[in-house]
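Work through the exercises below with the sequence and the 3D view side by side. Try each task before reading its solution.

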Amino acid sequence: MTQTVTVSRILDAQTAEISIVRPGACGKNCAACGGLCAPGAPLVARARNPVGAHPGDRVVVETSSKEVVGLAALVYLLPVVLFFAGYAAGGALWGGIAFFACLGGVVFWGRRRRESLPIIVEICSDT
């Protein structure tokens, strides 16, 4: 998955802070939807910077689609599956216990896992 973002600042020789502006749901046509879909504040993240981008540069970052889909399944799908498995095994109480135990496990794992950073693959030209 690739995305065009702006470099905010350089953190060290191989890492940069990037600013990601998420588009509104209306695709920049707020007049058609009443203007209620204005994008929020930019999302700030870290990225590996092997191309030597500088603050203010527009760059293309690449993220592993496989990793994004896997993390989404872990966070959204697994707790629901475990809820239904617990419910089938012992009722609503066990379903709730399985659901919240899974959420706790996901949070614990998320805080302990090694961060996988997106990679800046290209600096966009000004033209």
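**Exercise 1. The end of a helix**

Which residue follows α2, and what is the sign of its phi?

Before the solution, two notes on the model. It is predicted, so local features need pLDDT of at least 70 and side-chain atom pairs count only at pLDDT 80 or more, while totals for chains, interfaces and linings use all residues. Residues are numbered from 1 along each chain as its sequence is written, and side-chain values use heavy atoms, with hydrogens and water left out.

Solution. Step 1: find helix α2, which covers residues 65–90. Helices (H or I, at least four residues) and strands (E, at least two) are DSSP runs, numbered from the N terminus. Step 2: go on to glycine 91, which follows α2. Step 3: read its phi, which is positive, near 105°.

**Exercise 2. The length and course of α2**

Compare the span of α2 with the expected one, then find its kink.

Solution. Step 1: α2 has 26 residues. Step 2: the expected span of a helix is 1.5 Å times one less than its number of residues, and for α2 this is 38 Å. Step 3: from first C-alpha to last, α2 reaches 37 Å, close to the expected value. Step 4: a kink of about 40° lies at leucine 77, shortly before proline 79. The bend at a residue is the angle between axes fitted to the seven residues ending there and the seven starting there.

**Exercise 3. The order of the elements**

List the helices and strands of the protein chain from the N terminus on.

Solution. Step 1: count three helices and five strands. Step 2: write their order, β-β-α-β-β-α-α-β.

**Exercise 4. Which strands pair**

Trace the strand pairings, starting at β3.

Solution. Two strands pair if DSSP finds at least two bridges between them. Step 1: β3 (residues 43–48) runs antiparallel to β2, with six bridges; here valine 44 stands opposite serine 19. Step 2: β2 pairs with β1 over five bridges, also in the antiparallel sense, and alanine 16 stands opposite isoleucine 10. These two strands form a hairpin with two residues between them. Step 3: β1 (residues 2–12) is joined to β4 (residues 58–62) by five bridges, again antiparallel. Threonine 2 has glutamate 62 as its bridge partner there. Step 4: four bridges link β4 to the antiparallel strand β5 (residues 119–123), where glutamate 122 stands opposite valine 60.

**Exercise 5. The two faces of β2**

Are the residues of β2 buried or exposed?

Solution. Buried means under 20% relative accessible area, exposed over 50%, and partly exposed in between (1.4 Å probe, protein chains only). Step 1: six of the six residues of β2 are buried. Step 2: sort them by direction: Thr15, Glu17 and Ser19 point one way, and Ala16, Ile18 and Ile20 the other. Step 3: check two values. Threonine 15 counts as buried because its relative accessibility is 12%, and serine 19 counts as buried because its value is 16%. Step 4: look up their contacts (heavy atoms within 4.5 Å). Neighbours within four places in sequence left aside, threonine 15 touches Ile10, Arg46, Ala47, Asn49 and Leu117. With the same neighbours left aside, serine 19 touches Val5, Thr6, Ser8, Pro42 and Leu43.

**Exercise 6. The nonpolar core**

Which residues make up the largest nonpolar core?

Solution. A nonpolar core is a set of buried Ala, Val, Leu, Ile, Met, Phe, Trp, Tyr and Cys residues joined through side-chain atoms within 4.5 Å. Step 1: the ten residues are Val5, Val7, Ala16, Ile18, Ile20, Ala47, Ala53, Val59, Val61 and Ile120. Step 2: β1, β2 and β4 each supply at least two of them, and β2 gives the most, with three. Step 3: take alanine 53 and leave out residues up to four places away in sequence; it touches Val7, Ile10, Val59, Ile120 and Ile123.

**Exercise 7. Aspartate 12**

Which backbone nitrogens does the side chain of aspartate 12 reach?

Solution. Step 1: aspartate 12 lies in β1 and counts as partly exposed because its relative accessibility is 42%. Step 2: a polar atom of its side chain lies 2.9 Å from the backbone nitrogen of glutamine 14. Step 3: the side chain of aspartate 12 also reaches the backbone nitrogen of threonine 15, at 2.9 Å.

Note on methods: Polar contact = N/O pair within 3.5 Å; in protein donor to acceptor, adjacent residues only side chain to side chain.
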